[in-house]
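Grab a pencil and work through these exercises with the structure open beside you. Try each task on your own before you read its solution.

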Amino acid sequence: MIIDPKKCQHVHISHGNLFSGRKFRVHKFKGALPSVSSIIVKFKCWIRFLPSLLCFLVFCGLQNTSLAQQHPSLEEVTRAQATRNPSESLGGKSATAAESFSSHSNSIFQIRIMNASSKSQSSLGSGFFVGDGRLLATNYHVVSSVVLEPQKYVAEIDIGEVTHQLEVVGIDVIHDLAVLSVPTQATPLNLSLNVPNKGARLYSIGNPLDIGMTVVEGNYNGLVENRFFDQVHFSGAVNSGMSGGPTLDVNGDVVGINVASAGNQVGFLVPVDKLAVLVDKVVREDLASEQLLSDTGKPAADKISLSSKQLVDDSAEAGSEGADSGVKNSDDNPFFEEISQQIQAATHHMINQLLDKEWPSENLGEAKVVGKAHKAIDCWGDSAESNEKKMKIVQKGCNSRDGFYISRRLNSGYIEYEFSYSEAENWPVSAFYQQMTRDYAFASPGNRAGKKDVDNFSCLNRIITRDGKQVSSSQNAAQQSSDAASNQAPRSQSKFKRKVSYCTRPYKKLKGLFDTFYMAVTLEKSDRVLMEHFTLSGVSKDDGERFLKRFIDQVNWK
């Protein structure tokens with residue numbers, strides 16, 4: 001706003017829409033002593049201006065009041081902090097983050113994985129006491145080397161000046177949990193029975209990067225959407241070394257177990273109810289073992305193998321699919337059987353979830369392919385064109401995001417399927433198919449597996465039509481040679497014909513589990529090709545074949 005009492009001119013005053021662009025005439029004064037008439041003119045001028053001036057002053061006052069409310073003075077902030085109860089920001093029921101950690105520090109420890117030969121640490125994690133105070137909870141991936149190679153690795157914690165070796169007594173590889181027994185007793189943490197409200201304040205505790213126990217404050221954001229298995233989204237920095245540590249609510253109760261991070265304050269927790277189930281299972285097995293000792297006078301050969309045997313017996317009595325899965329002990333390590341059963345049950349659940357619904361069909365170039373088959377499946381696409389080669393490629397890939405961690409060399413429970421459509425202008429048929437053969441020659445499964453974990457793939461190669469009928473090898477070879485020699489498109493264009501390779505490889509120690517790898521390339525069009533592929537890891541043979549049948553029936557030309 002501009003006000004110049006020395007000049008009588010039109011002055012445009014604008015403050016948003018407050019004055020609506022009104023103009024006010026201000027008169028200039030002349031001489032040392034103004035006349036009565038000039039005073040009257042001046043008075044009229046200011047009278048006309050007064051309502052707008054008052055309005056402007058009121059507006060500024062309201063703005064200042066609002067800003068003062070939003071930004072209290074330093075004195076007000078200091079006075080409020082001095083008089084506020086520290087627990088108010090935590091819902092009035094708990095202490096601050098520092099007090100929360102201080103109250104529970106005797107229940108939370110760093111876990112060291114030691115190499116038995118070198119006596120040096122191999123990896124680190126965190127854990128906390130639960131149950132009766134003789135059980136320690138952590139992530140399965142923290143102690144996986146101890147589970148799979150107990151002769152090579154041991155787990156230990158320091159309580160005061162004393163180092164205690166730990167024994168793994170229960171695992172859940174699907175939710176990445178493990179429970180260990182400790183030859184001493186400490187104060188256990190309470191497992192929360194209530195699900196926090198979205199936005200509730202939480203405290204994640206662990207030992208990141210071996211720098212000491214750390215408290216990370218964050219918020220509960222509910223379960224991660226669109227997953228086959230539950231995880232909690234925690235807005236806080238869960239770093240390496242904090243895995244297996246607890247995340248507490250404002251009451252000091254465990255609501256989740258630190259498990260992973262996506263960076264940028266995006267962390268993931270295992271819901272505490274999954275841990276409660278595992279702890280209850282371990283306690284019941286321990287009671288069963290004690291009962292066996294009391295009844296027979298002989299200790300159980302192995303508490304875990306006893307539990308696994310009972311699971312197999314129950315499946316056989318119920319006539320379930322698990323009874324025919326061929327899951328057996330391997331290398332006398334009872335945990336292999338436990339892991340096999342858990343993964344097979346989980347992937348069976350995943351395959352059922354996929355097959356229970358109709359799959360959407362989507363266009364990819366001149367083909368129709370499988371779209372997003374389930375809400376837990378992510379799909380991505382891309383395309384490229386080469387004017388020089390006169391070729392166009394359109395691709396689409398879908399997968400289940402994450403699998404189940406088994407070891408540094410092996411993950412399982414992963415599903416992916418991919419399509420690549422290529423078309424070329426004015427290419428000879430033989431040259432086009434040679435190019436496609438080179439492009440697809442190095443396709444491989446999407447999951448990680450080492451030579452010690454799985455056998456080689458055994459493959460079945462066929463040329464089939466969409467109705468499932470097989471084209472004989474000799475007939476097809478003669479037909480392709482004839483078509484290529486005449487530079488014509490292969491015959492039988494009315495049918496969706498493709499060369500199919502379906503491969504399976506068994507797990508060496510996790511009996512009853514297989515990885516399946518499928519790849520197919522269309523044959524009947526001279527200037528375009530559709531490549532299909534899927535990988536299923538950690539499935540039974542039956543589940544792999546069920547998925548294969550649906551997949552083959554779903555793909556076609558437009």
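Keep in mind as you go that this is a predicted model.

**Exercise 1. A hairpin and the strand that follows**

Task: Find which residue of β4 is the bridge partner of Ile108, and which residue of β5 is the bridge partner of Phe128.

Solution:
- Begin with the strands β3 (residues 108-115) and β4 (residues 121-130), which run antiparallel and are joined by 7 bridges.
- Look across from Ile108 to β4, and you land on Phe128 as its bridge partner.
- Now move on to β5 (residues 135-138), which pairs with β4 in the antiparallel sense over 3 bridges.
- On that side, the bridge partner of Phe128 is Ala137 in β5.
- Next, check the turns. The hairpin of β3 and β4 has 5 residues between the strands, and Lys119 takes a positive phi near 60 degrees there.
- The hairpin of β4 and β5 has 4 residues between its strands, and here Gly131 takes a positive phi near 65 degrees.

**Exercise 2. Edges of a sheet**

Task: In the open sheet of β15, β16 and β27, work out the order of the strands and say which strands stand at the edges.

Solution:
- The 3 strands come in the order β15-β16-β27, with antiparallel pairing.
- β15 (361-364) and β27 (556-557) have a single partner strand each, so they stand at the edges and one side of each has no neighbour in the sheet.
- Zoom in on one of the pairings: β16 (residues 367-370) and β27 are antiparallel over 2 bridges.
- For a concrete contact, pick Ala367, whose bridge partner in β27 is Trp557.

**Exercise 3. Salt bridges across the chain**

Task: For the salt bridges Lys274-Asp230, Lys281-Glu338 and Arg401-Asp378, say where the partners sit and how buried they are.

Solution:
- A quick reminder of the idea: side chains of opposite charge can pair when their charged atoms come close.
- The cut-off here is a side-chain nitrogen of Lys or Arg within 4 Å of a carboxyl oxygen of Asp or Glu. By this rule the count comes to 17 salt bridges.
- Take Lys274 and Asp230: their closest N and O atoms are 3.7 Å apart, so the pair makes the cut-off of 4 Å.
- Lys274 is in helix α5 (residues 272-296), while Asp230 is in the loop between β10 (214-223) and β11 (232-235), so this pair links distant parts of the chain, 44 residues apart.
- Buried means under 20% relative accessible area, and exposed means over 50%. Lys274, at 18%, is therefore buried, whereas Asp230, at 33%, is partly exposed.
- Go on to Lys281 and Glu338, whose side chains meet at 3.1 Å, N to O.
- Lys281 lies in helix α5 and Glu338 in helix α7 (residues 334-355), so their salt bridge ties together parts that are 57 residues apart in sequence.
- Glu338 is buried, with a relative accessible area of 3%.
- Finish with Arg401 and Asp378, which meet at 2.7 Å, N to O.
- Arg401 lies in the loop between β18 (391-399) and β19 (404-405), and Asp378 lies in β17 (residues 378-386), so here the parts tied together are 23 residues apart in sequence.
- Arg401 is partly exposed, at 24% relative accessible area.
- One extra to look up: Arg112, Glu156 and Asp158 are joined into one network by salt bridges that share partners.

**Exercise 4. Two disulfides**

Task: Find the 2 disulfides and work out the pattern they follow along the chain.

Solution:
- Recall that a disulfide is a covalent bond between the sulfur atoms of two cysteines.
- Cys379 and Cys398 form one of them, with sulfur atoms 2.1 Å apart.
- Cys379 is in strand β17 and Cys398 in strand β18, 19 residues apart.
- The torsion about their S-S bond is about 110 degrees, so this disulfide is right-handed.
- As for burial, Cys379 is partly exposed at 24% relative accessibility, while Cys398 is buried at 2%.
- Cys459 and Cys503 also form a disulfide, with sulfur atoms 2.0 Å apart.
- Cys459 sits in β22 (residues 458-464) and Cys503 in β24 (residues 498-506), 44 residues apart.
- The S-S torsion of Cys459 and Cys503 is about 110 degrees, so their disulfide is right-handed.
- Cys459 is partly exposed at 42%, and Cys503 is buried at 3%.
- Count the bonded cysteines along the chain, and the pattern reads 1-2, 3-4.

Methods: Residues numbered from 1 in each chain as written. Predicted model: local features only at pLDDT ≥ 70, side-chain atom pairs only at ≥ 80, totals over all residues. Heavy atoms only, no water. Pairing = 2+ DSSP bridges. Buried < 20%, exposed > 50% of the residue type's maximum accessible area, 1.4 Å probe, protein only. Disulfide = S-S within 2.5 Å.
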